[in-house]
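Open the model in your viewer and keep the selection box handy. The stops below say what to pick and what to look for.

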Amino acid sequence: MFAYVVRRLAAAIPVLIVASFLAYALVALSGDPLEPLKLRNPPAPPRTIELETQRLGLDHNIFVRYWDWLWGVLHGDFGQSVQSNYDIGANLGRSATVTLRLVLVAMLLALVLAILTGVLSAVRQYSRFDYATTFAGFVFLAMPSFWIAIVLKDLAVRYNRASGTTVFYTIGETSQNYESMSAFGKFGDVVGHLVLPTIALALISYAAWSRYQRAAMLEVLNSDYVRLARAKGLTWRKVLVRHVLRTALIPLVTVTALDIAGILGGAVITETVFNWNGLGRMLLNGVARADTNAVAAWLLLAGLVVIAFNVIADSLYAVLDPRIRHE
Amino acid sequence: MITSPRRALGLVAIATASMLAITACSGGDATPTEELLGFDSCAKTPLTCNTGETKAGGSIVYYEEQDIATWNTVGADGGHYATSVMMGGLIPNVYYGAPDYKAGLNSDLVVEEPKVTSTSPQTVVYKIKPEAVWSDGTPITADDFNYAFRARNTKDCPDCGTSSSSGYDVLQSVTGSDNGKTVTATFQAGKTYPDWKSLFGELYPAHIAKAAGDNSTPAGLLKSWDAFGKTQPTWSGGPYMIESYQEGQQLVEVPNPKWWGKKQSLDKIIFKIVTDQSSFVPALQNGEINAGDPQPNIDMVTQVQNLQGFNQKLSGGLSWEHIDANLQNKFLKDKALREAIFKAIDVQGIINRTVGTFWKDAKPLGNHNFIPQSPYYKDVVSETGAGKADLEGAKKALTDAGYTGVGTALKTPGGEPVTLRFRHTEGNVNRAATAELVQATLKQLGINMTIQTTNTLGKTLDSGDFDLIVYAWVNTPFFFQGAQQLWGKASDSNYGHWVNEQADTILNQGVQAGLDEAKGADLLNQADALMAKDYYVLPLFQRPNFMVSKADYLNIRPNSTSTGPTFNTEEWGLKATAN
């Protein structure tokens, strides 16, 4: 198992290098980070432009710049940002923590909802509950995440205004007076800020995952070994939990791991709409400023996450499916 | 400056009157009347609208679209509008951009209007108030002026990158007397700098610089200059100082206890960094922000106009859109063709499709150096017929010049089909609409025009890789340096390579005469009229600025200059009668 994981990780390295170079080159060629400086009126002194060109390494060709960046990354230095004060490495870590909090909670919520509704829909196929969740699933599947986010914000503002309280917040991760709050107050504040973006992000994944879970459950429920288990006198609950659900979880594990890139994409949008200072804003600011080093660092992290989750999915297969473990 | 930083940094123009008016409107002492409250009267009385008595205490959450870019607002990566607005309450200046688009004198810092005591060499004397001190109690003196001069003149510290050395590079010396409270700035012999009021708009504390590096050496200056960029200021020379900063989230300012001017009203000013424009209105409704000056769009303006309990105002900004012709293009070299194109373009139609959808006051711009709010504004474009959608006049100009196929497939007098390429910034919907409208217009003249976007506007302009192009300049009340920079025949920013010897001579005369501002401005208008007749650059419209504030807050008012609305934070406060 360990050797398998190491092999998978080793195979991912060339993929990461090629992908990061392509991303680096695309961003580097997409715009001039010094354009605002060059087009100032009154003009910036030529020496200032020269100094900035040197600081950002723009006087080298793309291959040298990429190599310098990669060498720096391997030594823990993510290079200079267009904004001289911006520490790319520190911001990557901080942004990732913010996003991770959102993504993990949203994934957990989506998974719990998807498994529950998927199982119940399959067990009670063609019931009112099944029709209702199927309908809801397709509605959420069809909605763009930013639209769900905007609708949720509007509903939250209406609720706050109607109740005369501020239960839900529409911008940021915490309130401006967060530091002066009591521990209980801080908890409430974090939850108040977390609830809307989490729901917005979770609903997108929930929609697809609940459909997968329902389909997988139906397939297993109609299989011969389930009938055999029932014929042998096992209780329905035991069959459902130990034999059906466990097998039916395998496709969901695959989908969840493969969806990580999509969830990160959704998080970028959700974070932007709710004004979270996470990976989403880091990427958008980086692209807007033509900040090649920052965007490349972001993409490297995103690539690592996707690879890591794929490896985790493969490992979980083995846990859930003894046939793979024995191979 | 072109569009990227929303408004030009550094600003200002003149008018002692603005200083008097600002002094007169100083917050709490004024008697509030209904007509003074709100932003409705801001067009007529920009310096006194929304004036009223405030109560002590309270806070405001102010919306900002961008984070602090650098703590050194005039460093190499400085010059950002949002940074300047947030730092406005702590960095002292001699002049600032006032809401009436003129230079406002910072009468908290200086005793009187600085005087030009000599014109040869040009010498300006500033008298600093004896009570003016930094937040650690160190007096603000000529040393701070001298530090700005030495760090930014590019000679004393060649590697101190600055976003602008303009003016500092023609100063000979900055000396102090009277315990440093009198500053004498002397320009180099033979150099006239009419925009001298743009100098010393951002003063950094020399004594703190000294602690970071020896101010008498280039290496020491560089050290302190860089330190100012990287270190969150613990100092202040204004009414507020920084209490805390969370990157990408908020900057919190509290009153500077050593502030010597009018006592601050608010206990806290929180600049909330909100990068998503669509969040502005819900956050206002939800009470998460109380005021801001976001870049407007039709959805935002419509939603805000439907809100109760908020003051809001759209007004013309300093940024203006225009269409430029590249005079090195083989077709556009011909003035007759340019005349036809400019006459045929429907500027009002472009406005109706773009900013006019949410700003009813938008109208065609008629000058290349001044905006309509300037006392020197003179429409020099209308009389040329440019921008009037005059298709018949355009066709006549072409026919008279010997062009054939007018209205069908235009050919030069030499028989060559006329084809042009129009460029605009990628993703800019207003410019895309402008390009489409121009394309449709030129088709009626028989010109086949293709549209091509660019994501590197600077390179496109620099390399002359365009026939026609739409973009924006940001006007500045320091109009002399701007005019010479944009239209001078030898300037690198004269991207379309327009040369008119007569106009160039008058332009230079205007700059030389600039110490008499009215005379200089008149000469600039004369040169501008010649440029308009050459059909080189067609001004389109001013871009609007938008200001919104909860009605409970008084003495906060729109300011479309690069200084922004935070020019008078010490006066901001909650209405004395508000709950």
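How are α1(A) and α13(A) oriented to each other, roughly parallel or roughly antiparallel? This is a predicted model, so read each stop in that light.

**Stop 1: two helices of chain A**

Select residues 2-30 of chain A for helix α1, and residues 292-320 of chain A for helix α13. Their axes come within 9 Å. They cross at roughly 155 degrees. An angle over 145 counts as roughly antiparallel, and α1(A) and α13(A) are therefore roughly antiparallel to each other. The crossing in which α1(A) passes α13(A) is right-handed.

Now show side chains. On α1(A), the residues that meet α13(A) include A:Leu9, A:Leu16, A:Tyr24 and A:Val27. On α13(A), the residues that meet α1(A) include A:Val295, A:Leu299, A:Ile307 and A:Val311. Color the contact by class: 15 residues are nonpolar, four are polar and two are charged. A:Arg8 in α1(A) and A:Asp314 in α13(A) are among the residues of this contact.

**Stop 2: chain A as a whole**

Zoom out to chain A. How many helices and strands does chain A have? There are 14 helices and zero strands. The C-alpha atoms fill a box of roughly 85 × 60 × 35 Å along the principal axes. Chain A has 327 residues, and 40% of them count as buried. Take the contacts with a separation of 6 or more: 72% of them join residues 24 or more positions apart.

**Stop 3: a helix in the open**

Stay on chain A and select residues 224-231, helix α9. Is this helix enclosed or in the open? Of its eight residues, the number buried is zero, so α9(A) lies largely in the open. Step just past the helix to A:Gly233, which has a positive phi of about 100 degrees.

**Stop 4: where chain B touches chain A**

Show both chains and select the contact. Chain B gives 51 residues and chain A gives 39 residues. On the chain B side, elements that each supply at least two residues include α5 (218-230), β10 (250-255), α12 (457-463) and α13 (479-487). The largest share of that side comes from α13(B), with four residues. By class, the chain B side has 17 nonpolar, 27 polar and seven charged residues.

**Stop 5: an enclosed strand**

Select residues 537-550 of chain B, strand β17. Here 14 of the 14 residues are buried, so β17(B) is largely enclosed by the rest of the structure. Add residues 310-325 of chain B, strand β13. β13(B) runs antiparallel to β17(B), and 12 bridges join the two. For a landmark, find B:Glu321 opposite B:Phe541 in β17(B). Then add residues 291-292 of chain B, strand β12, which pairs with β17(B) in the antiparallel sense over two bridges. B:Gly292 stands opposite B:Val548.

**Stop 6: an alternating strand**

Go to residues 182-187 of chain B, strand β8. Which side chains point to the buried face? B:Val183, B:Ala185 and B:Phe187 do. B:Thr182, B:Thr184 and B:Thr186 point to the other face and are not buried.

β8(B) has antiparallel pairings to inspect. Strand β7 (residues 171-177) of chain B is joined to β8(B) by six bridges, with B:Ser177 opposite B:Thr182. β7(B) and β8(B) form a hairpin with four residues between them. In the turn, B:Asp178 has a positive phi of about 55 degrees. Strand β6 (residues 122-127) of chain B pairs with β8(B) over five bridges, and B:Thr123 faces B:Thr186 there.

**Stop 7: a helix pair in chain B**

Select residues 335-344 (α8) and 429-445 (α11) of chain B. Their axes lie 9 Å apart at an angle of about 125 degrees. That makes α8(B) oblique to α11(B). The crossing is right-handed. B:Ala340, B:Ile341 and B:Ala344 meet B:Thr441, B:Leu442 and B:Leu445. Five of these contact residues are nonpolar, one is polar and none is charged.

**Stop 8: a three-strand sheet**

Finish on the open antiparallel sheet of chain B, in the order β1-β19-β18. β1 (54-55) and β18 (553-554) stand at the edges with a single partner strand each, so one side of each has no neighbour in the sheet. Two bridges join β1(B) to β19 (residues 573-575). Look for B:Lys55 opposite B:Leu574.

Key: Residues are numbered from 1 along each chain as its sequence is written. Chains are lettered from A and ligands numbered from 1 in the order in which they are written. This is a predicted model: local features need pLDDT of at least 70, side-chain atom pairs count only at pLDDT 80 or more; totals for chains, interfaces and linings use all residues. A residue is buried if 20 or more other C-beta atoms lie within 10 Å of its own, exposed if 12 or fewer, and partly exposed in between; C-beta atoms are placed from the backbone. Two strands pair if DSSP finds at least two bridges between them. Two residues are in contact if their C-beta atoms, placed from the backbone, lie within 7 Å. Ala, Val, Leu, Ile, Met, Phe, Trp, Tyr, Cys and Pro count as nonpolar, Asp, Glu, Lys and Arg as charged, and the others, Gly among them, as polar. Axes are lines fitted to C-alpha atoms, for helices over the stretch in contact, and angles run from 0 to 180 degrees between N-to-C directions. Angles under 35 degrees count as roughly parallel, over 145 as roughly antiparallel, 65 to 115 as roughly perpendicular and the rest as oblique. A crossing is left-handed if the near helix is turned anticlockwise from the far one by less than a right angle, and right-handed if clockwise.
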